[in-house]
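Thank you all for making time this morning. I would like to walk through one structure with you, going from a single side chain outward to the interior and the spaces within it.

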Amino acid sequence: FMNGRLKANPEIRVVAFDCDGVMFDSADANRAFYNDILRRMGRAEMTPAQFAYTHMHAVLDSIAHLFPDPAERDQAHTCRMGINYEQFIPIMRMAPYLKPLLQNLRRRYKTAVATNRTDTMPRVMSDHGLEGYFDLVVSAADVRRPKPHPEPLRYAAGELGAAIADCVVIGDSASDIKAAKAAGCVCVCVRYGYNQGMNLSELEPDYLADDFAGGVAYALGER
């Protein structure tokens, strides 16, 4: 699937990546984290639908989804603060070709991360040796409204001195597509991420790729 709009703008300056499901297979890590909270709260482990939600949303929204009762939600936040997420970071599996791709991209483009993770991102970057591979990392802690709101992408473009139309976003979910389309940047969506069987072509990303290396190549006019 491709949208003809992609080739219309050859002036790409920024390539921004989602973290979970694109740069990393972090399903096991995130599942273990939220299930730990639920277990401490005396609740059953997440259902597939709950997992799908938590994997696409920031932690505050995810806790609110898992614990709709305000009193229980406050307890869950207290519980969350007592869990060291760093124990789950080694479970995250980085895409094997991520670093070579970034090294190639950085010769010509600015690179960024736009993620709904919050305070875990610095440790994710350092533990996996990604410091120095990105010009900017934007987490949910840096903005008032995380994805699917376009604010993280607009913030990244502004910080890197680029027009939003000159940015490519590599994502894997409805949240990424909605944010990119609302922001007005080019959207490449990979099929293998956490889309829970959703037909992503119905959301009309600019390009739907089997892997993000191929999606990036097409978006930059290299295919």
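Let me begin with a small detail, which is that the side chain of Gln50 reaches the backbone nitrogen of Thr47 at a distance of 2.9 Å. Please keep in mind throughout that this is a predicted model, and that every value I quote is computed from it. Gln50 belongs to helix H2, and if we leave out residues up to four places away in sequence, Gln50 touches Glu45, His65 and Leu66. Is Gln50 buried or exposed? Its relative accessible area is 19%, and because the cut-off for buried is under 20%, Gln50 counts as buried.

There is a second polar contact to a backbone nitrogen that I would like to set beside this one. His149 sits in the loop between strand E5, residues 136-138, and H7, and a polar atom of the His149 side chain lies 3.0 Å from the backbone nitrogen of Glu151. His149 is partly exposed, with a relative accessible area of 25%. As for its place relative to other parts of the chain, the C-alpha atoms of His149 and Asn116 are separated by 11 Å, while the two residues are 33 apart along the chain.

Let me turn now to the interior. In soluble globular proteins, nonpolar side chains tend to be buried together. Here the largest nonpolar core has 50 residues, and those with the most contacts inside it are Phe17, Met23, Ile37, Leu130, Phe134 and Ile170. Which helix gives the largest share of this core? That is helix H1, residues 27-40, which contributes six residues. A second core, separate from this one, has 23 residues, including Ala16, Ala156, Ala179 and Leu200.

Two members of the largest core deserve a closer look. Met23 lies in the loop between E1 and strand E2, the latter being residues 24-25, and with a relative accessibility of 0% Met23 counts as buried. Beyond four places in sequence, the residues that Met23 touches include Phe17, Arg93, Met94, Leu98, Leu130 and Phe134. Met23 and Gly171 are 148 residues apart in sequence, yet their C-alpha atoms are 9.3 Å apart in space. Phe134, again leaving aside neighbours within four places, is in contact with Phe17, Met23, Leu102, Arg106, Thr111, Ala112, Val113 and Met125.

For a residue in a loop that is not buried, consider Ile91, found between H4 and strand E3, residues 93-94. Ile91 is partly exposed, with a relative accessible area of 33%, and its contacts beyond four places in sequence are Asp25, Asp28 and Ala29. Ile91 and Asn30 are 61 residues apart in sequence and 9.2 Å apart in space, from C-alpha to C-alpha.

Helix H8 is mostly covered, with seven of its ten residues buried. The buried residues of H8 are Ala174, Ser175, Asp176, Ile177, Ala179, Ala180 and Ala183, and what covers them includes H2, H7, E6 and strand E7, residues 186-190. Just after H8, Gly184 takes a positive phi of about 100 degrees.

Finally, the empty space. Rolling a probe the size of a water molecule over the atoms shows where empty space is left. How many cavities of 30 Å³ or more does the structure hold? There is one, and the largest cavity has a volume of about 40 Å³. Its lining consists of Val14, Ala16, Leu153, Ala156, Ala157, Ile164, Cys167 and Val169, and these divide into eight nonpolar, no polar and no charged residues. Strand E1, helix H7 and strand E6 each supply at least two residues of that lining, with the largest share, three residues, coming from H7.

The largest pocket holds about 490 Å³ of space. It is lined by 31 residues, of which Val59, Tyr85, Arg117, Thr118 and Thr120 lie nearest its centre. That lining divides into ten nonpolar, eleven polar and ten charged residues, and H1, helix H2, helix H4 and helix H8 each supply at least two of them.

Note on methods:
Residues are numbered from 1 along each chain as its sequence is written. This is a predicted model: local features need pLDDT of at least 70, side-chain atom pairs count only at pLDDT 80 or more; totals for chains, interfaces and linings use all residues. Side-chain values use heavy atoms; hydrogens and water are left out. A nonpolar core is a set of buried Ala, Val, Leu, Ile, Met, Phe, Trp, Tyr and Cys residues joined through side-chain atoms within 4.5 Å. Buried means under 20% relative accessible area, exposed over 50%, partly exposed in between (1.4 Å probe, protein chains only). Helices (H or I, at least four residues) and strands (E, at least two) are DSSP runs, numbered from the N terminus. Contact means heavy atoms within 4.5 Å. On a 1 Å grid over the protein atoms alone, a cavity is a set of points where a 1.4 Å probe fits but cannot get out, and a pocket is an open set with protein on both sides within 12 Å along at least five of seven lines; lining residues have an atom within 4 Å of a point. Grid points are joined across faces, edges and corners, and a volume is the space filled by probe spheres set on the points. Ala, Val, Leu, Ile, Met, Phe, Trp, Tyr, Cys and Pro count as nonpolar, Asp, Glu, Lys and Arg as charged, and the others, Gly among them, as polar. A polar contact is a pair of N or O atoms within 3.5 Å; within protein, one must be able to donate a hydrogen and the other to accept it, and residues adjacent in sequence count only if both atoms are side-chain atoms.
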